[in-house]
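This report describes how a protein chain holds its ligands. The sequence and the structure are shown below.

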Amino acid sequence: MKVDVLLGLQWGDEGKGKIVDVLTPGYEIVARFQGGPNAGHTLEFEGKKYVLRSVPSGIFQGDKINIIGNGVVLDPALFKGEIEALESSGHKLKGRLLISKKAHLILPAHRLLDACYEASKGDSRIGTTGKGIGPAYTDKISRNGLRVGDLLHNFDEKYKSATEKHLKILNQYGFDTAALAGIEKEWFASVAKLKEFTFIDSEHYINNAIKQEKKILAEGAQGTMLDIDFGSYPFVTSSNTIAAGACTGLGVAPCKIGEVFGIFKAYCTRVGSGPFPTELPDGTGDKLREYGFEFGSVTGRPRRCGWIDLVALRYAIMIDGVTQLIMMKSDVLDSFETIKACVSYEINGEKVSDFPFEADDNIKPVYVEMKGWQTDMTKMQEEKEFPEEFGDYIAFLEKELGIPISIVSLGPDRAQTIIRK
Ligand code: GDP
Ligand code: IMO
Ligand code: MG
């Protein structure tokens with residue numbers, strides 16, 4: 001039995017939450033492998049909408065086990081808020097949500113450090129979610145981090161020493177630390193909620209489950225183009241969002257990875273700063289934002305919108321070893337007269353087909369233009385109802401990308417999903 005991986009191929013917000021929920025009935029365990037509360041994974045069903053941040057998106061499907069893996073960074077205060085919102089809507093998670101002892105903690109000062117580093121970058125700031133993600137992963141890599149398992153022994157001592165180091169840095173920058181006491185108060189009051197859940201050695205748990213032939217789905221956060229190694233550095237997040245991240249973020253050997261489901265939108269979005277070759281800072285981009293309701297699920301920031309970028313998608317498919325594609329938000333294009341897809345870039349007059357080292361303003365996207373289907377697809381239940389032009393769009397993408405599109409999403413609801421044979 002192998003672990004299947006589901007991850008975003010663009011700049012995040014592809015619709016991972018919705019599809020993990022759709023696929024969960026076919027699995028016994030769903031495990032998040034990286035990221036933290038910078039993620040906002042939206043699920044809609046039975047007229048209700050939920051946004052998950054640290055909790056895996058398999059939580060709404062029966063008695064499945066959900067795991068927060070070692071690769072995740074966890075903020076007890078935000079986690080408490082998330083759990084309480086779920087509990088108040090009637091979803092009891094105890095016994096079904098397990099947390100890796102090796103997951104790193106986002107400490108109160110990490111949020112301040114995130115704001116401090118952003119402020120110090122001026123015009124070249126990343127546009128982070130402000131949740132302390134970068135500083136928490138920085139401490140992990142520099143071997144100064146604290147982990148969930150540390151909450152069980154002499155935590156106060158370890159916390160004091162870590163926070164002294166953080167304050168030293170903040171003071172060097174002259175950053176106002178007045179907010180720390182308030183954040184600390186809320187953070188420590190939330191630890192009890194976190195401790196209601198079972199802390200596990202998740203690498204053992206998952207590998208035992210593999211031996212017992214249990215079906216496991218690994219859920220990614222963010223997207224491949226935000227990966228710390230392969231994304232548009234430095235405008236990236238601080239973890240490995242790629243398929244290999246599932247190995248390090250869960251303790252699963254590469255030979256144990258099965259299907260890799262790569263999710264992408266029928267167009268493109270990005271939130272925060274950084275290169276975006278097919279961005280449409282015009283009326284067409286505004287239309288995509290309006291029809292796709294492209295506003296951040298965590299920060300509410302308007303997402304930048306543009307046409308689909310097949311150069312970036314091919315790159316992501318290569319890095320992730322995608323075996324099946326999932327196309328989201330196809331319905332957002334329902335009313336467009338024409339649809340464009342970027343098939344290559346032109347840089348300094350030369351055609352470029354491989355994603356370049358620097359994706360800067362020099363890039364001119366080369367587009368193929370197609371006729372739109374101008375049909376409302378949101379109520380369609382079967383592939384045979386698809387308008388001809390939409391069928392052509394799918395065939396074009398499959399040919400360009402070399403991988404089958406096995407699921408098409410036609411709306412935010414769980415039910416608006418077509419699994420292709
Ligand atoms: P994630 O971070 O990858 O889970 O994606 P987000 O939840 O941040 O953003 C995806 C947004 O699109 C959410 O508001 C979803 O409810 C919505 N959504 C997902 N699939 C579809 C779809 O096929 N059509 C439309 N119109 N909206 C969708
Ligand atoms: P999901 O899982 C979209 C972006 C931020 C910023 C950069 C770094 O919902 O797809 P960070 O706070 O991680 O240090 O910010 O990454 N970013 C996301 N963009 N979806 C996400 O998650 C994101 N998580 C981080 O906007 O540009
Ligand atoms: Mg999101």
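## Residues at the metal site

In this predicted model, G40 has a relative accessible area of 10% and is therefore buried, the limit being under 20%. D13, by contrast, has a relative accessibility of 22% and so counts as partly exposed.

## Magnesium coordination

The magnesium ion (ligand 3) takes its protein donors from D13, through OD, and from G40, through O, at 2.1 to 2.2 Å. D13 belongs to the loop between β1 (3-8) and α1 (16-23), while G40 belongs to the loop between β2 (29-32) and β3 (41-45); the pair therefore ties together parts that are 27 residues apart in sequence.

## Polar contacts of ligand 2

D13 also takes part in binding ligand 2: a polar backbone atom of D13 lies 2.7 Å from an oxygen atom of the ligand. Two threonine side chains make further contacts of this kind. An N or O atom in the side chain of T129 is 2.5 Å from an oxygen atom of ligand 2, and for T237 the distance from a polar side-chain atom to a ligand oxygen atom is 2.6 Å. The protein buries 98% of the 550 Å² that ligand 2 exposes when taken alone.

## The shell around ligand 2

Ligand 2 is surrounded by 21 residues, of which D13, K16, H41, T129 and T237 come nearest. By residue class, the shell comprises 10 polar, 8 nonpolar and 3 charged residues.

Technical notes. Residues numbered from 1 in each chain as written. Chains lettered and ligands numbered in written order. Predicted model: local features only at pLDDT ≥ 70, side-chain atom pairs only at ≥ 80, totals over all residues. Heavy atoms only, no water. Near = heavy atom within 4 Å. Polar contact = N/O pair within 3.5 Å; in protein donor to acceptor, adjacent residues only side chain to side chain. Areas by Shrake-Rupley, 256 points an atom, 1.4 Å probe, with all protein chains shown as cover. Nonpolar A, V, L, I, M, F, W, Y, C, P; charged D, E, K, R; others polar. Donors = N, O, S within 2.8 Å, 3.2 Å for Na, K, Ca; no water. Helix = DSSP H or I, 4+ residues; strand = E, 2+ residues; numbered from the N terminus. Buried < 20%, exposed > 50% of the residue type's maximum accessible area, 1.4 Å probe, protein only.
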